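User: Please take a close look at one part of this model, the helix packing. Set it in the context of the domains and the sheet.

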Amino acid sequence: MDKILVHGGRRLRGNVKISGSKNSALPILAATLLTKEPCTISRATQAPYDIVRKMRASVCILGPLLGREHEATVSLPGGCVIGDRPIDLHLRGFEALGAAVKVSGGNVKVLAPKLTGATVSLRSTFGSTVLGTGNVMMAAVLADGTTVIDGAAEEPEVVDLANFLIAMGAKIEGAGTRTITIEGVKELHGAEHEVIPDRIEAGTFLVAGAISGDEVTLHRVNPEHLQAVISPLREAGFHIESNGNKISIAPGTKRRPLKLDTVPYPGFPTDMQAQMCALLANTDGISVVSEHVFPNRFMHIAELKRMGANIDLQGATAVITGVPQLSGAPVMASDLRASAALVLAGLQADGITEVNRVYHIDRGYDSIDEKLNELGAEIERVKA
Ligand code: UD1
């Protein structure tokens, strides 16, 4: 298994191009199943294929296959180790459209001789469901009549998927709000689409710039999608400027600790929590980070502590007392964003940080090591 060696203490400076969004590309690739005609998806990097093969793809194809073939059987997803990842809300949506759902032998089967528009609520204790909203939307585009999704996820990736479906001929209104209305059509056709920039990759590079940047400029980003990351970074003392599809980050005079709560979009994203913990571990003062979307998503904390961080995990809240210096250590990547956090922590640590199990990071980042090296980092990939 490949590992990454991060030589700490190098300063970052320069420009980095952000790739297409992994979380958009995944359901959009699944949505191409809704038509027999060819579709062209640009800026879908290589990462999605890997994801499609290995993890939550099974879930994403349920909606389109149900829509087109009226039947789908897939393996229940394993996915990242970030706590339980149920799909009850996806299934509730399919049932509302008239599908029968059966789970057996590790598979879930959805079957609907006919799909009929209905009103469905996708609200859960932890907010709405992003992939669930996409899945129900994909099943509903070919249903008879009108479907209303209440408590829909408002994430930009849902809007991107809706825009692709609309380009294919679907009738969808309200994507990006809590209520999405879909009027079923008879069939969809092929379409071309460019996926939105990856706001989590962009956020990760902003934190890299915060951690060890003189000045780092991100290109091909949508600053509007990043407001919830930009504001706390400003509050933490960094200078951030955005102009068109560029964002620059530069150090301020002093880093300040933060209080952060992860919540669904447009709030602070759970997918940026681990990276921010890496920054705050080395920021003077006491920071408090609470996870409200995936309450068990704290596997990176034990690893950061191995690097000398002072973090007290109290339920779904990490109380971080900044230390002046982290020290390089062998660490284990447990999930995608946790691995990114460990690489970021390594940038500011003394000596060498050895991040093992980097396949996690490659599932979600397009050449993160190469991109950081272009900015001045010293990161080696050791092939197994
Ligand atoms: C997507 C993103 C992931 C991000 C997450 C939250 C993709 C490929 N992944 O994951 O990177 O961390 O959104 O922004 O787009 N839930 C239920 N029942 C369900 C579905 C979800 O209770 O049927 C709960 C989950 O356990 C979690 C919360 O709802 O607590 C949000 O999960 P969800 O939005 O579904 O995450 P994903 O769409 O899987």
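Analyst: The packing of the helices follows, with the domains before and the sheet after.

This is a predicted model, where local features need pLDDT of at least 70, side-chain atom pairs count only at pLDDT 80 or more, and totals for chains, interfaces and linings use all residues. Residues are numbered from 1 along each chain as its sequence is written, and side-chain values use heavy atoms, with hydrogens and water left out.

The protein divides into domain 1 (2-19 + 197-383) and domain 2 (22-194). These bounds come from an automatic or database domain assignment. The C-alpha centres of domain 1 and domain 2 are 30 Å apart.

Now the helix pairs. Two packed helices are described by the angle between their axes and the distance between the axes. Helices (H or I, at least four residues) and strands (E, at least two) are DSSP runs, numbered from the N terminus. Axes are lines fitted to C-alpha atoms, for helices over the stretch in contact, and angles run from 0 to 180 degrees between N-to-C directions.

Helix 8 (residues 199-212) packs with helix 10 (residues 273-280) at about 5 degrees, their axes 10 Å apart. Helix 8 and helix 10 are therefore roughly parallel (angles under 35 degrees; over 145 is roughly antiparallel, 65 to 115 roughly perpendicular, the rest oblique). Helix 8 contributes Ile200, Thr204, Val207, Ala210 and Ile211 to the contact, and helix 10 contributes Gln275, Met276, Ala278 and Leu279. Contact means heavy atoms within 4.5 Å. By class, this contact of helix 8 with helix 10 has seven nonpolar, two polar and no charged residues. Ala, Val, Leu, Ile, Met, Phe, Trp, Tyr, Cys and Pro count as nonpolar, Asp, Glu, Lys and Arg as charged, and the others, Gly among them, as polar.

Helix 11 (residues 299-306) and helix 12 (residues 336-347) cross at roughly 20 degrees, and their axes come within 9 Å. Helix 11 and helix 12 are therefore also roughly parallel. The contact joins His300, Glu303 and Leu304 of helix 11 to Ala338, Leu342 and Ala345 of helix 12. Four of these residues are nonpolar, one is polar and one is charged.

Last, the sheet. Three strands form an open antiparallel sheet in the order 4-6-5. Strands pair if DSSP finds at least two bridges between them. Strand 4 (71-75) and strand 5 (100-104) are the edges. The twist averages 15 degrees from one strand to the next. Helix 4 (residues 62-69) packs on the sheet and touches strand 4 and strand 6; its direction makes about 155 degrees with that of strand 4.
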